Amino acid sequence: RENFDILGALPVVSFLLKRSELDLQTNVSKFLEIAFEFNGFIAGGCAAAIARYKHRTKTLSNQNLEYYFTESGGDIDVYFHTEKDLNDAQASLEKVFQKQFVLSSLGTARNLQIPLSTQNKVPFKFRKNLKLSLIQCQIGSPEEVMDNFDITNAKVAITKDAIIMHNAWLP
């Protein structure tokens with residue numbers, strides 16, 4: 001943990017989702033609840049986008065997350081401490097969403113597409129679905145996983161309890 005700082009607690013994500021103009025709360029909240037239940041953590045682009053916005057503004061807003069999910073084409077990458085946690089999370093998520101994860105073309109992740117809105121309308125013209133990925137090519141603690149990232153500004157993870165970032169991370 002020597003290269004990582006731990007900040008605030010996770011309510012950041014649920015706060016953003018609850019205030020979102022997108023109807024993400026139901027689907028994404030369910031996904032994150034289950035992922036966190038099995039010791040999963042968000043790392044990479046989505047985690048960095050949330051941390052960057054929180055760091056710059058010292059406040060929380062849903063606009064950053066909505067932009068990341070819609071116009072920038074962002075997804076949510078979830079990593080796990082063990083392969084058992086990954087497999088158990090996948091089984092639980094498939095039961096809840098009644099959909100099967102699909103292996104990525106390179107075999108690095110298991111992906112699930114969920115609607116950006118549970119309403120019968122598409123809130124943004126850019127995309128209709130959000131990709132949720134269970135990353136299987138890197139298993140370990142947040143610090144171990146982020147040590148393998150080649151871009152320092154992506155070295156951010158969000159667990160159910162904290163935001164963890166590399167101390168060289170630049171907001």
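This is a short talk on the fold, the charged pairs and one arginine of the chain shown above.

Hi everyone, and thanks for coming. Before anything else, a word on what we are looking at. This is a predicted model, in which local features need pLDDT of at least 70 and side-chain atom pairs count only at pLDDT 80 or more, while totals for chains, interfaces and linings use all residues. Residues are numbered from 1 along each chain as its sequence is written, and side-chain values use heavy atoms, with hydrogens and water left out.

Let's start with the overall layout. The chain has 6 helices and 8 strands. Here helices (H or I, at least four residues) and strands (E, at least two) are DSSP runs, numbered from the N terminus. Read from the N terminus, the order is β-α-α-β-α-α-β-α-β-β-β-α-β-β. There are 171 residues, and 51% of them count as buried. For burial, the cut-offs are under 20% relative accessible area for buried and over 50% for exposed, with partly exposed in between, using a 1.4 Å probe and protein chains only. Contacts, meaning heavy atoms within 4.5 Å, are worth a glance too: among those with a separation of 6 or more, 67% join residues 24 or more positions apart.

Now the strands. Two strands pair if DSSP finds at least two bridges between them. Strand E6 (residues 129–139) has two partners I'd like to show you. With E5 the pairing is antiparallel, over 7 bridges. With E3 the strands run parallel, joined by 4 bridges, and there Ile76 sits opposite Leu132 of E6.

Further along, E7 (residues 156–158) and E8 pair in the antiparallel sense over 3 bridges. These two form a hairpin with 4 residues between them, and Ala157 has Ile164 as its bridge partner in E8. What happens on the two faces of E8? As a reminder, in a regular strand the side chains alternate between the two faces of the sheet. In E8 (residues 163–166) both faces are covered, with Ile163 and Met165 buried on one side and Ile164 and His166 buried on the other.

For a long-range pair, look at helix H3 (residues 45–57), which holds Ala51. Ala51 is buried at 3% relative accessibility. Its C-alpha atom is 8.8 Å from that of Ile158, although the two residues are 107 apart along the chain.

On to the charges. How many salt bridges are there? The count is 2, where a salt bridge is a side-chain nitrogen of Lys or Arg within 4 Å of a carboxyl oxygen of Asp or Glu. One of them joins Asp75 and Lys131, at 3.7 Å from N to O. Asp75 lies in the loop between helix H4 (63–69) and strand E3 (76–80), and Lys131 is in E6, so this pair ties together parts that are 56 residues apart in sequence. Asp75 is buried at 16%, whereas Lys131 is partly exposed at 28%. Lys131 also has Ile114 across from it, in a sense: their C-alpha atoms are 6.6 Å apart, with their positions 17 residues apart along the chain. Ile114 belongs to E5 and is buried, at 1%.

The other salt bridge links Asp88 and Lys84, with closest N and O atoms 2.6 Å apart. Both residues are in helix H5 (residues 83–97), 4 residues apart, which means they are separated by about one helical turn. Asp88 is partly exposed at 27%, and Lys84 is exposed at 56%.

Now for my arginine. Arg110 lies in strand E5 (residues 109–115) and stands opposite Leu134 in E6. What is the nearest side chain of opposite charge to Arg110? That would be Glu83, 4.8 Å away, and Arg110 is buried yet has no salt bridge. For the charge labels, Lys and Arg count as positive and Asp and Glu as negative, while His and the chain ends are not counted. The Arg110 side chain does make a polar contact with the side chain of Asn87, at 2.8 Å. Such a contact is a pair of N or O atoms within 3.5 Å; within protein, one must be able to donate a hydrogen and the other to accept it, and residues adjacent in sequence count only if both atoms are side-chain atoms. Leaving aside neighbours within four places in sequence, the contacts of Arg110 include Leu86, Gln90, Phe101, Leu132 and Gln136.

Last, the cysteines. A search of the whole structure finds 0 disulfides, a disulfide being a pair of cysteine sulfur atoms within 2.5 Å. Cys46 is buried at 3%, and Cys137 is partly exposed at 47%. Thanks for listening!
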